[in-house]
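The report below concerns a single protein chain and considers its strand pairing, its helix, its nonpolar core and its cysteines in turn.

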Amino acid sequence: MKEKIILGNKVELSYDSIGFRACTLAISFKVGNIAALEKSFRDAGQNNLEVIQQCDADGHVQATHERYDIFREIKKTIGATPEEDVVTIVLEQESVIEMRLRHLESGQGIQDGAIQDLGDVVSGLAEAQGVSL
């Protein structure tokens, strides 16, 4: 059994190497299917990349990588044989302030929608009662 990472949406991916450099996290997969890996990370979305658990072969958490939620790059290095090909995902770390602002803006959109829905209901009730607003 190989070491794996677990994304916030509980997707588990076996990896071959993981490294850090200047606010980036690079995760490499030998014989990785580039399309399937890209789909896994895109489908996870930014919120589900905020916390990535790094587990050993027995499933014990070795490290937790936080805020590496900006999907920056995917690349494939061609080996001498297809079994030696390596797909690398590069994630960039988001600052705490940027993350909080993104969550705040996302929450504001939900509030705006709720206020609009409430206004529509009140208008509908008022019209049903023959009241002009």
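## Strand pairing around β8

In this predicted model, β4 and β8 run antiparallel and are joined by seven bridges, one of which links K30 to its partner V86 in β8. Strand β8 also pairs with β7, again in the antiparallel sense and over seven bridges, and here K76 has V87 of β8 as its bridge partner. Because six of the seven residues of β8 are buried, this strand is largely enclosed by the rest of the structure.

## Helix α1 and its two faces

Helix α1 spans residues 34-44, and its buried residues are L37, S40, F41 and A44. These residues lie on the same side of α1, because they cover an arc of only 90° around the axis. The spacing fits a general rule: an α-helix has 3.6 residues a turn, so residues three or four places apart point the same way. The face turned away from the buried side of α1 carries the exposed residues A35, K39, R42 and D43.

The buried residues of α1 pack against five strands, namely β1 (4-6), β2 (12-14), β4 (24-30), β7 (70-77) and β8 (86-92). At the N-terminal end, α1 is capped by N33, a side-chain oxygen of which lies 3.0 Å from the backbone nitrogen of A35. Just after the helix, G45 adopts a positive phi of about 75°.

## The nonpolar core

The largest nonpolar core comprises 16 residues, and those with the most contacts inside it are I5, L7, I27, F29, F41 and L91. Two or more residues are given to this core by each of β4, α1 and β8. As a general matter, nonpolar side chains in soluble globular proteins tend to be buried together.

For F29, once neighbours within four places in sequence are left aside, the contacts include I5, L13, L37, F41, V86, V87 and I89. Polar and charged residues also appear in that list of F29 contacts, among them S14, D16 and D85.

## Cysteines and disulfides

How many disulfides does a search of the whole structure find? The search finds zero, where a disulfide would be a covalent bond between the sulfur atoms of two cysteines. The settings of C23 and C55 can be described separately: C23 counts as partly exposed, because its relative accessibility is 47%, whereas C55 is buried, with a relative accessible area of 1%.

Notes: Residues are numbered from 1 along each chain as its sequence is written. This is a predicted model: local features need pLDDT of at least 70, side-chain atom pairs count only at pLDDT 80 or more; totals for chains, interfaces and linings use all residues. Side-chain values use heavy atoms; hydrogens and water are left out. A disulfide is a pair of cysteine sulfur atoms within 2.5 Å. Buried means under 20% relative accessible area, exposed over 50%, partly exposed in between (1.4 Å probe, protein chains only). Helices (H or I, at least four residues) and strands (E, at least two) are DSSP runs, numbered from the N terminus. The arc is that of the directions from the helix axis to the C-beta atoms. Contact means heavy atoms within 4.5 Å. A polar contact is a pair of N or O atoms within 3.5 Å; within protein, one must be able to donate a hydrogen and the other to accept it, and residues adjacent in sequence count only if both atoms are side-chain atoms. A nonpolar core is a set of buried Ala, Val, Leu, Ile, Met, Phe, Trp, Tyr and Cys residues joined through side-chain atoms within 4.5 Å. Two strands pair if DSSP finds at least two bridges between them.
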